[in-house]
Structures are given as structure tokens and as C-alpha cells.
Amino acid sequence: MRVLVVSGHPDLNRSRVNAEFLEQLSESSATIHRLSENHRHYEFDIAREQDLLRRHDRIVFLFPLYWYSVPALMKKWLDDVFLPGFAYARGGDKLADKEFLVVTAVGAPAEGYRAGGFNNYTIDELLRPIQQTAFYVKARYLPPISVYESVFIEDAAIKTEVKSLLPRIIGAQERPDEVYEKLLLKAEAAQIELISA
């Protein structure tokens with residue numbers, strides 16, 4: 001599995017969580033791509049960016065959640081790089097069958113991100129544009145990873161949290177249908193009958 005980590009943090013010198021992810025991921029086989037270091041006046045080398053995407057199987061979008069979305073730098077990159085003929089439309093199949101994984105740092109606690117919470121919506125709901133992008137370009141969207149309370153968590157806890165999440169970022173993940181099939185097999189082995197309507 002060739003993993004590309006696209007870092008969308010605009011200023012990693014002011015980051016703790018995203019910087020720690022990059023620090024620990026740099027010791028893995030993943031390719032690290034910092035958007036903050038790969039643009040000139042917010043212009044990207046489109047051919048180079050597209051070539052990077054072509055050469056990897058899993059694309060990890062690493063970013064802090066800014067106003068319930070990706071930072072402007074990452075949005076500009078998506079707009080500039082995911083072009084017709086490359087990502088969609090006629091001939092635009094270069095991202096098909098790749099895995100998309102969002103890894104995001106969130107300032108508030110998880111309890112705030114739900115119906116009735118102070119942010120009203122779950123992280124899954126807020127990340128729908130990226131999920132739909134994956135669907136549109138025929139990629140496979142993996143369950144996102146969020147580090148909550150990122151502005152409050154102590155440095156030692158960040159290191160521990162990031163280390164615990166690395167296997168999900170760089171390791172193989174089962175498809176939902178595979179997980180469901182295992183549940184069915186487990187139920188059959190235990191002779192549990194499924195309830196019918």
C-alpha cells in the first residue's frame with residue numbers, strides 16, 4: 001500500500017497535532033507532502049501534484065478543521081488539481097479505486113459534534129463534501145479519524161494519541177462489506193438467527 005499524506009495545514013510552525021502526525025509518519029513508508037511548502041503564491045505545479053496522486057493507493061488528507069471545513073490552502077489545491085480529464089469527466093479516472101482518508105484535528109470535544117451538541121453536526125456530516133468528492137471520482141472513502149480537543153490536549157497525550165492512530169493511517173482497512181460478512185459468519189457460528197421483518 002503506497003500512502004500519500006497531503007498536509008493542508010497552512011503554518012505547521014503553529015501546529016501541534018498535525019505536526020506530530022507528520023513527525024511520526026515520517027518514520028513510516030508514507031510519502032509526506034506539505035502543501036505549505038509546495039506552492040508559489042498559492043499556485044501549484046499541477047502536473048507534479050497529479051503525478052503524486054497517481055503513484056499512491058491511499059490519499060490521506062491531513063488538516064485542522066477550519067470553520068467546519070478544510071483550510072483554504074487545501075481547498076485551493078483540490079480545486080486546482082482535481083481537474084476534468086484527470087479526476088472526473090471523459091478520461092478522468094486517475095483517482096478511481098484509490099482510498100481517501102481524512103485525518104483532522106478538532107478543537108472542541110467530541111460531545112459537541114452531534115445533534116443537540118454545541119456544534120450541531122457530526123464530523124461525518126461536516127466532511128460530506130470530501131466524501132462526495134471521493135464518490136464522484138470513484139475513490140473509496142474510509143471512515144475519518146479525528147483528534148478532538150486539539151487545542152487543550154497536552155503534548156504527551158498528543159504523542160500517545162497519534163501513535164495509536166498510525167496503524168489506521170498506514171495499514172490496510174477492511175471494506176464495510178467485509179466487516180458485515182464477518183458479523184454474519186460470527187452470528188452463524190453462534191447459531192444466532194437474524195430477525196426478519
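# Exercises on packing, pockets and exposure

Leaving out residues up to four places away in sequence, Asp80 touches Tyr42, Phe44 and Ile46, where contact means heavy atoms within 4.5 Å. The structure is a predicted model, in which local features need pLDDT of at least 70 and side-chain atom pairs count only at pLDDT 80 or more, while totals for chains, interfaces and linings use all residues. Residues are numbered from 1 along each chain as its sequence is written, and side-chain values use heavy atoms, with hydrogens and water left out.

**Exercise 1. Place Asp80 in its element, and decide whether Asp80 is buried or exposed.**

Step 1: Asp80 belongs to helix 3; helices (H or I, at least four residues) and strands (E, at least two) are DSSP runs, numbered from the N terminus.

Step 2: The scale for accessibility calls a residue buried under 20% relative accessible area, exposed over 50% and partly exposed in between, with a 1.4 Å probe and protein chains only. Asp80 has a relative accessible area of 18%, so Asp80 is buried.

Step 3: Asp80 shares this state with Leu73, Met74, Trp77, Leu78 and Val81, which are also buried residues of helix 3, and what covers these buried residues includes strand 1, helix 2 and strand 3.

**Exercise 2. Describe how helix 2 packs against helix 3, and name the residues that make the contact.**

Step 1: Two packed helices are described by the angle between their axes and the distance between the axes. Here the axes are lines fitted to C-alpha atoms, for helices over the stretch in contact, and angles run from 0 to 180 degrees between N-to-C directions.

Step 2: For helix 2 (residues 46–54) and helix 3 (residues 72–81), the angle is about 90 degrees and the axes are 10 Å apart.

Step 3: Angles under 35 degrees count as roughly parallel, over 145 as roughly antiparallel, 65 to 115 as roughly perpendicular and the rest as oblique; helix 2 and helix 3 are therefore roughly perpendicular to each other.

Step 4: Helix 2 brings Ile46, Glu49, Gln50 and Leu53 to the contact, and helix 3 brings Trp77, Asp80 and Val81. By class, this contact of helix 2 with helix 3 has four nonpolar, one polar and two charged residues, where Ala, Val, Leu, Ile, Met, Phe, Trp, Tyr, Cys and Pro count as nonpolar, Asp, Glu, Lys and Arg as charged, and the others, Gly among them, as polar.

**Exercise 3. Characterise the largest pocket and the second largest pocket by volume and lining.**

Step 1: On a 1 Å grid over the protein atoms alone, a pocket is an open set of points with protein on both sides within 12 Å along at least five of seven lines, unlike a cavity, where a 1.4 Å probe fits but cannot get out; lining residues have an atom within 4 Å of a point. Grid points are joined across faces, edges and corners, and a volume is the space filled by probe spheres set on the points.

Step 2: The largest pocket has a volume of about 380 Å³, and of the 19 residues that line it, His9, Pro64, Tyr66, Ser150 and Val151 lie nearest its centre. Its lining divides into 11 nonpolar, five polar and three charged residues.

Step 3: The second largest pocket holds about 290 Å³ of space, and among its 14 lining residues Lys75, Leu78, Pro129, Ile130 and Thr133 lie nearest its centre. Helix 3 and helix 5 (128–136) are the elements that give two or more residues to this lining, which by class has 10 nonpolar, two polar and two charged residues.

**Exercise 4. Locate Tyr68 and Phe135, and assign each residue its exposure.**

Step 1: Tyr68 sits in the loop between strand 3 and helix 3 and, at a relative accessible area of 36%, is partly exposed.

Step 2: Beyond its neighbours within four places in sequence, Tyr68 is in contact with Tyr113, Asn119 and Leu126; Tyr68 and Leu126 are 58 residues apart in sequence, and their C-alpha atoms are 6.2 Å apart.

Step 3: Phe135 is part of helix 5, and its relative accessibility of 65% makes it exposed.

**Exercise 5. Find the backbone feature of Ala89 and of Glu149.**

Step 1: Most residues other than glycine have a negative phi.

Step 2: Ala89, although not a glycine, has a positive phi of about 65 degrees; its place is in the loop between helix 3 and strand 4, and Ala89 is exposed at 52%.

Step 3: Glu149, also not a glycine, has a positive phi of about 55 degrees; it is found in the loop between strand 6 and helix 6 and is partly exposed at 36%.
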